[in-house]
Amino acid sequence: MRPELALAKLTAKTSRMRAVVTEISSGAYSATEIAGALAGFNSDGEKLEKEPYLLGVVKFLQAQASFSELHTLSTLRVTDLVRERCWRHERGWAQAVGRGMEPSRQLSLIALGDCIGSQKCEVCEGRKWVFPEGSAPVECKNCLATGVASPSGRTLAAQFGVDEAAWRRYWGRKYRPIIAMVHGWEMLCLWHVVEKLGE
Ligand SMILES: [Zn+2]
């Protein structure tokens, strides 16, 4: 496929994904339709992997009962990340463990809550753009043009149980690849269901 054609297709698909999220949250599909799309095969004959599947089940079907399984799996994935990056040997990590914390478990819990409970950005109302009077639209700085409100460092620090300075100095940098991984699962999930729901 020519690169420009591939890019055009990708752009069309991502904008369709955004529209499907809005449609799901406004109740355009029944639970049966959503469940069928999540559990079905895509056009390549593949099913969703466990993490993106469970994330979709919890986020789009509000199936709270699946949350603990999702949390267990995501903690395992974070543990893989910790091993790859040798975080356990870092002083900050080791001290937290010494105080009885389970950073992998807690960080994965916060990231799941962040992704599943994400709310529309109040500044741009989810449009990713703000429209200053008399000038061209600019990307929303509040949500960094994602359209969803991200919790502040203060909120994340409080959820994790450390002060904001410690979050900014150390834990925030650990959190970033973890929330990116969880958002990646959400993308895979949407990429999958959009074929069924977005027709
Ligand atoms: Zn915004």
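**Reading the terms of a predicted model**

Mentor: Gly40 is partly exposed, with 13 other C-beta atoms within 10 Å. The model under discussion is predicted. Gly40 belongs to the loop between helix 2 and helix 3.

Trainee: Why is Gly40 called partly exposed?

Mentor: A residue is exposed at 12 or fewer neighbours and buried at 20 or more. The count for Gly40 is 13, which lies between these limits, and therefore Gly40 is partly exposed. In position, the C-alpha atoms of Gly40 and Ser152 are 36 Å apart, with their places 112 residues apart along the chain.

Trainee: Ser43 is placed in the loop between helix 2 and helix 3 as well. What makes Ser43 buried or exposed?

Mentor: Ser43 has 8 other C-beta atoms within 10 Å. The limit for an exposed residue is 12 or fewer, so Ser43 is exposed. Ser43 and Glu195 are 152 residues apart along the chain, and their C-alpha atoms are separated by 7.8 Å.

Trainee: How do you know whether Lys9, in helix 1, is buried or exposed?

Mentor: The count for Lys9 is 11 other C-beta atoms within 10 Å. Since 11 meets the limit of 12 or fewer, Lys9 is exposed. Between Lys9 and Leu73, which are 64 residues apart along the chain, the C-alpha separation is 32 Å.

Trainee: What makes the phi angles of Cys86 and Lys128 worth a remark?

Mentor: Most residues other than glycine have a negative phi. Cys86 has a phi near 55 degrees, a positive value in a residue other than glycine. For Lys128, phi is positive at about 75 degrees, although Lys128 is not a glycine.

Trainee: Where do these two residues lie, and why is each assigned to its exposure class?

Mentor: Cys86 is in the loop between helix 4 and helix 5. Its 9 other C-beta atoms within 10 Å fall under the rule of 12 or fewer, so Cys86 is exposed. Lys128 is in the loop between helix 6 and strand 1 (129-130). With 17 neighbours, Lys128 passes 12 but does not reach 20, and therefore counts as partly exposed.

Trainee: Why is Ala63, in the loop between helix 3 and helix 4, assigned to its class?

Mentor: Ala63 has 15 C-beta neighbours inside 10 Å, which is between 12 and 20, so Ala63 counts as partly exposed. Neighbours within four places in sequence aside, Ala63 is in contact with Val57 and Val58. The C-alpha atoms of Ala63 and Gly117 are separated by 13 Å, and the two are 54 residues apart along the chain.

Trainee: How do you know which residues join helix 3 and helix 4?

Mentor: Helix 3 (residues 50-61) and helix 4 (residues 67-85) pack at about 145 degrees, with axes 10 Å apart, and their crossing is left-handed. Helix 3 contributes Lys50, Glu51, Leu54, Leu55 and Val58, while helix 4 contributes Phe67, Glu69, Leu70, Leu73, Ser74 and Arg77. Residues are in contact when their C-beta atoms lie within 7 Å. By character, this contact has 6 nonpolar, 1 polar and 4 charged residues.

Trainee: What makes the length of helix 6 agree with expectation?

Mentor: Helix 6 has 14 residues, and the span from its first C-alpha to its last is 20 Å, close to the 20 Å expected at 1.5 Å a residue. Among its buried residues are Leu107, Ile110, Ala111 and Cys115. The buried residues of helix 6 pack against helix 4, helix 5 (91-98), helix 7 and helix 8.

Trainee: Which residues of the largest nonpolar core touch the most other members?

Mentor: Ala111 and Val193 do so, in a core of 31 residues. Helix 8 gives the largest share of this core, 11 residues. Residues up to four places away in sequence excluded, Val193 touches Val20, Ala37, Leu38 and Gly56.

Trainee: What describes the protein chain as a whole?

Mentor: The protein chain has 8 helices and 2 strands, in the order α-α-α-α-α-α-β-β-α-α. Of its 199 residues, 24% count as buried. Among contacts with a separation of 6 or more, 56% join residues 24 or more positions apart. Its C-alpha atoms fill a box of roughly 50 × 50 × 35 Å along the principal axes.

Definitions and conventions:
Residues numbered from 1 in each chain as written. Predicted model: local features only at pLDDT ≥ 70, side-chain atom pairs only at ≥ 80, totals over all residues. Axes fitted to C-alpha atoms, helices over the stretch in contact; angles between N-to-C directions. Helix = DSSP H or I, 4+ residues; strand = E, 2+ residues; numbered from the N terminus. Left-handed = near helix turned anticlockwise from the far one by under 90°. Contact = placed C-beta atoms within 7 Å. Nonpolar A, V, L, I, M, F, W, Y, C, P; charged D, E, K, R; others polar. Core = buried A, V, L, I, M, F, W, Y, C linked by C-beta atoms within 7 Å. Expected span 1.5 Å × (residues − 1).
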